[in-house]
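Work through the following exercises with the model open. Each task is followed by a solution in steps.

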Amino acid sequence: MRFSKHKQVTVFGAAICFVVVFSLYLMLDHLQLDHSKNNPSSGGQLSVLQDKIDHLERLLSENNEIIANIRDSVINLRESVKDSKRVLEAGNMSQGSLEMLPSPPLVVPIDSEDCQFSARPYTKSAGGVQMSDVYDLLAFDNPDGGVWKQGFDIAYNENEWDQEPLQVFVVPHSHNDPGWLKTFDDYFHDQTQHILNNMVVKLHEDNRRKMIWSEVSYFAKWWDNIDDQKRDAVKSLINTGQLEIATGGWVMPDEANTHYFALIDQLLEGHQWLERNLGVKPKTGWAVDPFGHSPTQTYLLKQSGLSNMLIQRVHYSIKKHFSSQKTLEFFWRQNWGDTDILCHMMPFYSYDVPHTCGPDPKICCQFDFKRLPGGRISCPWRVPPQAITDNNIQERAHLLLDQYRKKSKLFQSKVLLVPLGDDFRYTEALEWDQQFQNYQRLFDYMNSHPELHVKAQFGTISDYFEALRSSIASSTSGSLALPVVNGDFFTYADRDDHYWSGYFTSRPFYKRVDRVLESHLRAAEILYSLALAEMRRFGKSNNFPAVESYKLLTAARRNLGLFQHHDAIAGTGKDWVVVDYGTRLFKSILSVKRVMVSSVHWLILKDKQTFSHDPSNLFLQMVSLSCQDLQTMPMPIHFAHYVYFLAILAPSSPALRSLVIFNPVEQARTSVVTVYVNRHKVQVLNSHGHPVTAQVSAVWEETNRASTELSFVAQVPALALAVYQLSESQELHAAAAQYVFQQQGKHLSVNGAHQFRVSTHQDPTTPFSIENAHIQLWSSPYTGLLERLKLKEDGLEQQIKVEFAWYGTTSNKDKSGAYLFLPDGEARPYTPSQAPVVRVTKGPVFSEVTTTFTHITHTLRLYNVQGVEGQSVEISNSVDIRGEFNHEIAMRITSDLNSKDRFFTDHNGFQIQPRKTMRKLPLQANFYPMSSMVYLQDSGSRLTLLTGQALGAASLKSGQLEVIMDRRLNQDDNRGLGQGVLDNKITANCFRLLLEKRTPDEGGGPSAEAALILHRKGFDCRFSNRNTGLLCTTTRGKIFLDKLFSELMVKSLTQVSLTLMHGSAAGQSPRDVSLKPMEVSTYRLELS
């Protein structure tokens, strides 16, 4: 179950939740704005949605009692609407149906089949590799491996390739970060455009030369600035196979912090650009620089039509283990299904030339011809490359071939991949000549000497995979059986105890802005799609800014895509580069708001003829005002916390405002909306004129000074707009919140809140308590921090404590930085220098406890609404550590759940990965990326922390969750950035804490497998077998399963121990089995 934070999404407890994602790739050349013709496919998306609703209704019909209750509630609601005489006319607005949303049933009918997925254990394939097992197996001791420091010595026999020559594919590449030490634009102007310009010329000089490119963001920018002749030359290179676009995403994305919506968006943007401009469909993924690898990205590539992929940044101990087992090439499969993609793991330290030709970087560096004497870079091993001449070619070729052969010993096949490149390589024409001419001489020598048994050539990454697959297919002995791998490759370490778990949290402010833009963009695309469909239905567009809006959406998608780059959302760029990313994100948020305003304007009008787009005088306004702006409006309104689309209509009178709320999710929502107001006598009416439960609260500009806000419960159908009226009133219709203040040892004075009931806490020993219909929680009277939580439905009560803690950095030479987390031991409790101010708010819409510490403003809030939003605790932490030195601040949640060393984190908001805290690893190795949630559980309960932004999380003790919220580090961590992290901002971290009772699993429903238990009896043949009534004959103990299950096919059959607890060494069993007399055998059987 998944939430978004701050009223983003409310998900009811249903068995199947389908996500409606409008991915707007309405290419400009396909955009039809001729409304003289009816479009028969208009509303196609809505018809699909209707089909889903119809299916859901069919499921609901299975439970007559629930349906009857829903029907009765709808009838009652209709009658109440008919009886109402207070329906407001809101002018020229289309409000849709006047029916209120029916209350959801208390119990949602769930088909038993829908429970099967979560009941399945995470198991490895027969003969496969589960990464959690690998972690259990390894010692992580890091002995010195010789020339290959993190590996081992490699030996071979000269005649190993006599029967099958070694095929070597040298793949030239240039890794172009779309921002890191320079901004995206600066890199393009200084380096990237020159690389691509030289590529066109140099590849055409020799058709044996090849090159791969990955980042479409750069390629698209370059394409827009070249002429048709150069474009034709590029297409020619692609058609001849000399140039390959690998992966084809807008960027090479980070795989730890990204959400899968954004991963899909950047992949779509790149692929659609390639198809539109080059007619290219990428076949192979190329990910040499993301700092760890997620199976979510693997699945998305597979679903995008790619068949192969390459990864590089994997823990050095994992690389060593896979190398020793010759499993560096494998089929990567999801934990939950057969979605294999062929994957190549690079074995050595880096993707640069010294670490790609073979195990000895001192030798490989001598074949990086950009480092020839006289150049700007040299080999750190102080043995420079030599230009290849007739005098040295024999010695040089044998030296390089020795490295190729040693590297090939780490793989099962005789096909070898050798990348040739590094960051921003091939900028100058000279480097193209140095690399390609010298390597071609080496290739010509090797290929002309058959006694070497090698064929070396330039190739693309897909050339390599095609040869590999051909080698696998031609293997007659079955020796090339690549394993299946399940799991992920986090947390990455490149040497020693240097774990890259710091970037899971670095620059959290921008990680939060990323999610805000992501949610706004999705809402804008849905509204824009609906508006276009409506225009086609009505056959008129007036002056609706369709093309302008499309361009704004495209730019926003590309800016969001750019931020998914592994040095952007990771928070590992230079300060000014981070500012450039942030500027793009903020501009895109403003742009998508413009799209939403124009789209909602069209959708909400009853008479479409009256639509007129005037950017200088908008009919609708997005509300994004600062507190200072509130004084300029007759009745100013500001939205607090609500991330999705909200707009206000231009006032028909100074005392009346119409509020338009959009629900961009696929389910009806009941959620709390909060707006700023400048007076407390305000009434909220729904579109039927019925008063809505509302609460007037104080907005505390300081700990004890306040202005006013209004909160009410809004109901909006799926993918729909709702209109609410806010009007001035002579009476107090909205209930005023009540406040209790306390600061230990001090007397507080509260100003500017005369309309509220305010008191001070009299008993400093009694915990504060707030509650709603679902939850009651108790907080410390001194700190206001959570101590206990109770679920009212079943009386489940847990000790759940929230506290904060500091991490410092190690005193060793290498310290924490943007990438690395190198703490100085366990975290120390956060102890504020003075007693915090605790404020308790109670009201009919929400109640909360807010504590103001020196570095943190912490809020626990309960909403008085039905559904999941009312069943969880909203946690908001506003963090400010700008005055700290080498400190990282964490929130720690300690419970009495017996989770032992197990916990669970999500991958990219898409899937869940089981984790195990390992004492043999350093503390920093046990932190993992948390994109949307982390949870722990025991047999009776589950405690989930859902997050509105990506952060690093761990469970260092049983029953405990820990989240790093911000990091301020005063030094570089020697990974190339060249600076610390000192650009901290006040950052709001948003969470929901959900405690759920867990039903013990006692078999639940049936699995996909059956236990087949066979017993061969021992017969005494000295007696007559006449008239036994048995319709069978003896078979010498042989059982033919296909005949036994004549109507079904045997999908799999695996022999196990009698009670299914232990597997057989034989693994998968044959279709026909044989038993000895009196033998009993058990098999796992799956039929289809």
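**Exercise 1.** Compare the expected span of helix α5 (residues 184-205) with the distance between its end C-alpha atoms.

Solution. The model is a predicted one. Helix α5 has 22 residues, and the rise is taken as 1.5 Å a residue. The expected span is 1.5 Å times one less than the number of residues, so α5 should cover 32 Å. The end C-alpha atoms lie 30 Å apart, which agrees.

**Exercise 2.** Where is the kink in α5 centred, and which residues of α5 are buried?

Solution. The kink is centred on Asp190 and amounts to about 45 degrees. For burial, apply the cut-off of under 20% relative accessible area. Before the kink centre in numbering, the buried residues include Phe184, Tyr187 and Phe188. The list goes on with Gln191, Thr192, Ile195, Leu196, Asn198, Met199, Val200, Lys202 and Leu203.

**Exercise 3.** Describe how helix α6 (residues 216-223) packs against helix α8 (residues 260-277).

Solution. Start with the geometry: the angle is about 35 degrees and the axes are 10 Å apart. Next, the handedness: α6 and α8 make a left-handed crossing. Last, the contacts: α6 contributes Val216, Phe219, Ala220 and Trp223, which meet Gly270, Trp273, Leu274 and Asn277 of α8.

**Exercise 4.** What share of the protein chain is buried, and how much accessible surface does the chain have?

Solution. The chain has 1088 residues, of which 57% count as buried. Its accessible surface is about 46,000 Å², with 50% belonging to carbon and sulfur atoms. The chain holds 18 helices and 47 strands. Of the contacts between residues at least 6 apart in sequence, 73% join residues at least 24 apart.

Conventions. Residues are numbered from 1 along each chain as its sequence is written. This is a predicted model: local features need pLDDT of at least 70, side-chain atom pairs count only at pLDDT 80 or more; totals for chains, interfaces and linings use all residues. Side-chain values use heavy atoms; hydrogens and water are left out. Helices (H or I, at least four residues) and strands (E, at least two) are DSSP runs, numbered from the N terminus. Buried means under 20% relative accessible area, exposed over 50%, partly exposed in between (1.4 Å probe, protein chains only). Contact means heavy atoms within 4.5 Å. Accessible areas come from the Shrake-Rupley method with a 1.4 Å probe; for residues, only the protein chains shown count as cover. The bend at a residue is the angle between axes fitted to the seven residues ending there and the seven starting there. Axes are lines fitted to C-alpha atoms, for helices over the stretch in contact, and angles run from 0 to 180 degrees between N-to-C directions. A crossing is left-handed if the near helix is turned anticlockwise from the far one by less than a right angle, and right-handed if clockwise.
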